[in-house]
Amino acid sequence: MSWRDHLREAVFGLELYRPFEYTPGLVRLDANECSFPLEREDRELMAAALGDVLVHRYPEVSGRPLREALASRWGVSPDQIILGNGSDEIISILYTAFGAGRDGRPAKALFPTPTFGTFEAAALARGMACVKVPLDGRFQLDEPALAEAMRREAPALALFATPNNPTGNRFDSAVLGRLAEGFGGVLVADEAYADFSGRTELPRVREGASFCVMKSLSKIGFAALRLGALVGPRDLIAQLDKVRLPYNVNAVSIALARALLASPARLDARIARVRAAREDLAAKLEAVGGLVVYPSDANFVLVRTPVDARGVYERMLAKGVLVRNLSRPGPLENCLRITAGTEEENDQCLEALRAAVQ
Ligand SMILES: *Cc1c(COP(=O)(O)O)cnc(C)c1O
């Protein structure tokens, strides 16, 4: 016997998440980060907040000071919020609570595809089953197929990234509302990119229902802090809170995020800037000609290249511009995902892309 005989078999089949090793000077448009660094005023606020962090003490166990700040931004109550070390950890908390299932049958997670890879990877790591329902030809929800799968498979969790990664479009809110009605599991709207769409499903969160909204601070400029949250009905949040590891969010992240949220005007201005950068990128991509440019409500744009996308990706990289190559047989064949950069970065991207598709 060895540890190999004990390891969950699915783990052997998992792929390591290994982002690109960045070199200085590279134009990084691969990870949907905010391309604009924080302003000087924000950096000064953070420096001041850092000095007050009591590093010899544990942080408040549930991140309450930050939950309060987020609750007022989102118009909900602090006890409707659970924090995660990134929304990735929220997925982990949900899967930990529901994954083992009941009566010896592992729970199922349902999601439309293509979508955020962690939905599936985190499920496989826990021995959960995945129910994947393909999006339609315009990457929108196939409502009849979803309704049928949610009824037939009775998943514990149904996850919808809206706007969706990597397709960029948001889903029809009315369809999400109808799918939630009568659903016997937890429906999670993953709003990692919702700030860039100007829409939110938060009003659907109410007591006595199971609709949840997952939030992330990563894409709006705080990726390094690793902060995510789930907003849901109090009774569900209270159960999930028992599964969450104590002190999962560290005092430095709590203090810095609070300092940054105290001046929401700069945060909102940055979000507006990113939206403008996305429009700039989309217009420039349209101008290349020959590409399919998918409409985006997020901070990135999905394009389909007329030639082998792998080659395009590599030729762009040789010119110092890194994007995400998603190409594999299926709906994302020859697709690249490009994060909105600064105007200068978008220009560099365009120049590299033009040369690469010729
Ligand atoms: C980036 C991303 C996340 C993860 O965000 P973190 O808060 O950084 O863990 C969640 N969902 C989607 C759809 C994403 O693209």
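How many Å separate the centres of domain 1 and domain 2, taken over C-alpha atoms? In this predicted model, the separation between the two centres is 26 Å. The legends below begin with the domains and then turn to the ligand and to individual loops.

**View 1. Domain 1 and domain 2 of the protein chain.** Domain 1 is made up of two segments, 18–39 and 265–357, while domain 2 covers residues 60–249. The centres of the two domains, calculated over C-alpha atoms, are 26 Å apart.

**View 2. The contact between domain 1 and domain 2.** On one side, 24 residues of domain 1 take part, and they are in contact with 20 residues of domain 2. Together the two domains bury about 1800 Å², and carbon and sulfur atoms account for 63% of this area. Of the area that domain 1 buries against domain 2, 28% is supplied by Leu 267, Ile 271 and Asp 297, more than by any other three residues.

**View 3. Residues around the ligand.** The ligand has 13 residues around it, and those that come nearest are Ser 87, Asp 190, Ser 218, Lys 219 and Arg 226. Sorted by class, the shell comprises four nonpolar, five polar and four charged residues.

**View 4. Polar atoms of the protein beside oxygen atoms of the ligand.** Two residues approach through the backbone: an N or O atom of Ser 87 lies 2.6 Å from a ligand oxygen atom, and a backbone N or O atom of Asp 88 lies 2.9 Å from an oxygen atom of the ligand. Ser 216 instead contributes its side chain, in which an N or O atom is 2.7 Å from an oxygen atom of the ligand. On its own the ligand has 390 Å² of accessible area, of which the protein covers 93%. Helix 5 (87–98) and helix 9 (218–222) are the elements that give two or more residues to the surrounding shell.

**View 5. Two cis peptide bonds that lead into proline residues.** Thr 162 and Pro 163 are joined by a cis peptide bond with omega of about -5°. Pro 163 is located in the loop between strand 5 (157–161) and helix 8 (173–180). The bond from Asn 165 to Pro 166 is also cis, and its omega is near 15°. Pro 166 likewise lies in the loop between strand 5 and helix 8.

**View 6. The backbone at Asp 103.** Asp 103, a residue other than glycine, has a positive phi near 55°. Asp 103 is placed in the loop between helix 5 and strand 3 (108–113).

How values were computed: Residues are numbered from 1 along each chain as its sequence is written. This is a predicted model: local features need pLDDT of at least 70, side-chain atom pairs count only at pLDDT 80 or more; totals for chains, interfaces and linings use all residues. Side-chain values use heavy atoms; hydrogens and water are left out. A residue is near a molecule or strand if one of its heavy atoms lies within 4 Å of it. A polar contact is a pair of N or O atoms within 3.5 Å; within protein, one must be able to donate a hydrogen and the other to accept it, and residues adjacent in sequence count only if both atoms are side-chain atoms. Accessible areas come from the Shrake-Rupley method with a 1.4 Å probe; for residues, only the protein chains shown count as cover. Helices (H or I, at least four residues) and strands (E, at least two) are DSSP runs, numbered from the N terminus. Ala, Val, Leu, Ile, Met, Phe, Trp, Tyr, Cys and Pro count as nonpolar, Asp, Glu, Lys and Arg as charged, and the others, Gly among them, as polar. Domain bounds come from an automatic or database domain assignment. Contact means heavy atoms within 4.5 Å. Buried area is the accessible area (1.4 Å probe) that two parts lose on being put together, summed over both.
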